[in-house]
Amino acid sequence: GTSGRQIFQPLHTLRNAEKELLPGFHQFEWQPALKNVSSSWDVGIIDGLSGWTTFVEDVPADTISRRFRYDVALVSALKDLEEDIMEGLRERGLDDSVCTSGFTVVVKESCDGMGDVSEKHGNGPAVPEKAVRFSFTVMSISIRVEGEDDGITIFQEPKPNSELSCRPLCLMFVDESDHETLTAILGPVVAERKAMMESRLIISVGGLLRSFRFFFRGTGYDEKMVREMEGLEASGSTYVCTLCDSTRAEASQNMVLHSITRSHDENLERYEIWRKNPFSETADELRDRVKGVSAKPFMETLPSLDALHCDIGNATEFYKIFQDEIGEVYQRSNPSREERRRWRSTLDKQLRNKLKLKPVMRMNGNYARRLMTLEAVEVVCELVPSEERREALKKLMELYVQMKPVWRSTCPSRDCPDQLCRYSYNSQQFADLLSTTFKYRYDGKITNYLHKTLAHVPEIIERDGSIGAWASEGNESGNKLFRRFRKMNARQSKTFELED
């Protein structure tokens, strides 16, 4: 804990050395100048609603929001990496006085809603206050040299999932489900991002002016946010996937063979079809034509698989399988609520006694990681009567444990090349097991993340080189800091708060 001294000074008392670290300190220009964005560079924290013209009829958004101007924040991030850039040029044997243009910066964007962030004072009603954080991470910087076809990478973020590399751009007190307010606030961010993609940034790095271009990849979104940003129906939809057009029934029949087809541009085209209904179809026919795109896509995301939620989603699924296996659901039809409850408490008790796993209200990352182990499955098997079912459960977990590092690791081709090679084979085996031994759970239905885990992992890795590195984890860790700065710990009693 702290001894009553203020850790965070008000902005005006920051030393100049610290001001250099905040956006708004370094001079820069864009060529051509950014459309609809002021050319002033010394802009610090701005009101998140600025750049949002209000008309008399408009209800002003009822929220507090603060942000940096996107370009100013990117400049600050690059100046932070100035030494790494110069070092990278030296290591590649490049003469820095020649390398003044042709730099490419790849940026990962993340955005996540946070539940209850109300001030806690031990008692009284908790007011439902929610927040959304939008942040970005500089993933890599490369340079194209005369006569070379490929860019040479001079910087790669070693810890793409650390909150240290994840730079906040916008904080807003908004419920992520409040689509109107969310889009109103992120609107200017989207506009700035679009303008920057058509221009070059000129800043001084290592004493010389150099020019950079930017690529933005919105991969740090959980499925709920992707669906919201891309105009897709909510996650309970028959259209089970944000990457392909498969329906839930199709995905449970054919678990492995799908390819990525969805894209932001296609979503926009489909929205236009949805809006105009050019073939005068019925609602059902129309919906099938646009595959569940029924709102205007607002921000371009790169459809990927969110590693953290994938863990959680699959663990939830396994937890339910464990429950069903304890009750031997495979040989009976619809058991009562009471029975299910009994199996569940049996499972919880066993996990608590043998693995020290306390039951959780909602599955979280830590619980998921502990549950998805061979050790956990051994413990669960003690409650499963049939030897044959125990073997099947163990096999299922063995395959899963083989598959998991592939979508968790930052660089699978380096960290787990064997598992990467075997992924498609393993996922095929896994799917076969589900559609035979565990058919009672997968008849015509499958969860969103399980579908993605089985069908899309190799293709995403082929495209991006990694799933783990592009996940939203850095932003999630940043959420913890946000809570810390608000002197507020979610879903913990006061006694917890006194410990740290």
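**Two domains and the salt bridges between them**

Hi everyone, let me start with a pair of charged residues: Asp-464 is buried, and Arg-217 is buried as well. Buried here means under 20% relative accessible area, exposed means over 50%, and partly exposed is in between, using a 1.4 Å probe and protein chains only. Asp-464 and Arg-217 form a salt bridge, with the closest N and O atoms 2.5 Å apart. By salt bridge I mean a side-chain nitrogen of Lys or Arg within 4 Å of a carboxyl oxygen of Asp or Glu. This pair links distant parts of the chain, since Asp-464 sits in helix α17 (residues 457-464) and Arg-217 in strand β9 (residues 208-221), 247 residues apart. Helices (H or I, at least four residues) and strands (E, at least two) are DSSP runs, numbered from the N terminus.

A quick word on the model before going on. It is a predicted model, where local features need pLDDT of at least 70 and side-chain atom pairs count only at pLDDT 80 or more, while totals for chains, interfaces and linings use all residues. Residues are numbered from 1 along each chain as its sequence is written, and side-chain values use heavy atoms, with hydrogens and water left out.

Now the domains. The domain assignment gives domain 1 (12-229 + 474-489) and domain 2 (307-469); such bounds come from an automatic or database domain assignment. Taken over C-alpha atoms, the centres of domain 1 and domain 2 are 36 Å apart. How many residues of each domain are in contact with the other? Nine from domain 1 and ten from domain 2, where contact means heavy atoms within 4.5 Å. Between them, the two domains bury about 680 Å², 38% of it on carbon and sulfur atoms. Buried area is the accessible area (1.4 Å probe) that two parts lose on being put together, summed over both. On the domain 1 side, Arg-217, Glu-223 and Glu-476 lose the most area to domain 2, together 54% of what that side buries.

The rule finds two salt bridges across this interface. Glu-223 also has a salt-bridge partner, Lys-452, at 3.0 Å from N to O.

What does the record say about this part of the chain? UniProt, in an unreviewed entry, places the feature "domain: V(D)J recombination-activating protein 1 ZnH2" at residues 303-465. UniProt positions are given in the numbering used here, feature names are shortened, and annotations may be inferred rather than shown by experiment. In the model, that span is 71% helix and 0% strand, and its end C-alpha atoms lie 14 Å apart.

On to the other charged pairs. The structure holds 37 salt bridges. One of them joins Asp-348 and Arg-344, at 3.9 Å from N to O. The two are separated by about one helical turn, because they are four residues apart in helix α10 (residues 337-355). Asp-348 counts as buried, at 14% relative accessibility, whereas Arg-344 is partly exposed at 37%.

Helix α10 also holds Lys-354, whose side chain meets that of Glu-382 in a salt bridge (2.6 Å, N to O). This pair links distant parts of the chain: Glu-382 is in the loop between α12 (374-381) and α13 (387-408), and the two residues are 28 apart. Lys-354 is partly exposed, with a relative accessible area of 44%. Elsewhere, salt bridges that share partners join Asp-245, Arg-262, Glu-266 and Arg-270 into one network.

For those of you who like cysteines: a search of the whole structure finds zero disulfides, a disulfide being a pair of cysteine sulfur atoms within 2.5 Å. Cys-244 is in none, and the nearest cysteine sulfur, that of Cys-241, is 3.9 Å away. Cys-244 is buried, at 3% relative accessibility, and Cys-381 is buried with a relative accessible area of 3%.

Finally, a few places in domain 1. Helix α2 (residues 70-80) is mostly covered, with ten of its eleven residues buried; among them are Tyr-70, Val-72 and Leu-78. Is Ser-142 in strand β5 buried or exposed? Ser-142 counts as buried, at 19% relative accessibility. Beyond its neighbours within four places in sequence, Ser-142 is in contact with residues including Phe-103, Thr-104 and Ile-152. Phe-25, in the loop between α1 (16-19) and β1 (29-31), is partly exposed at 37%. With the same neighbours set aside, Phe-25 is in contact with Lys-19, Glu-20 and Trp-41.
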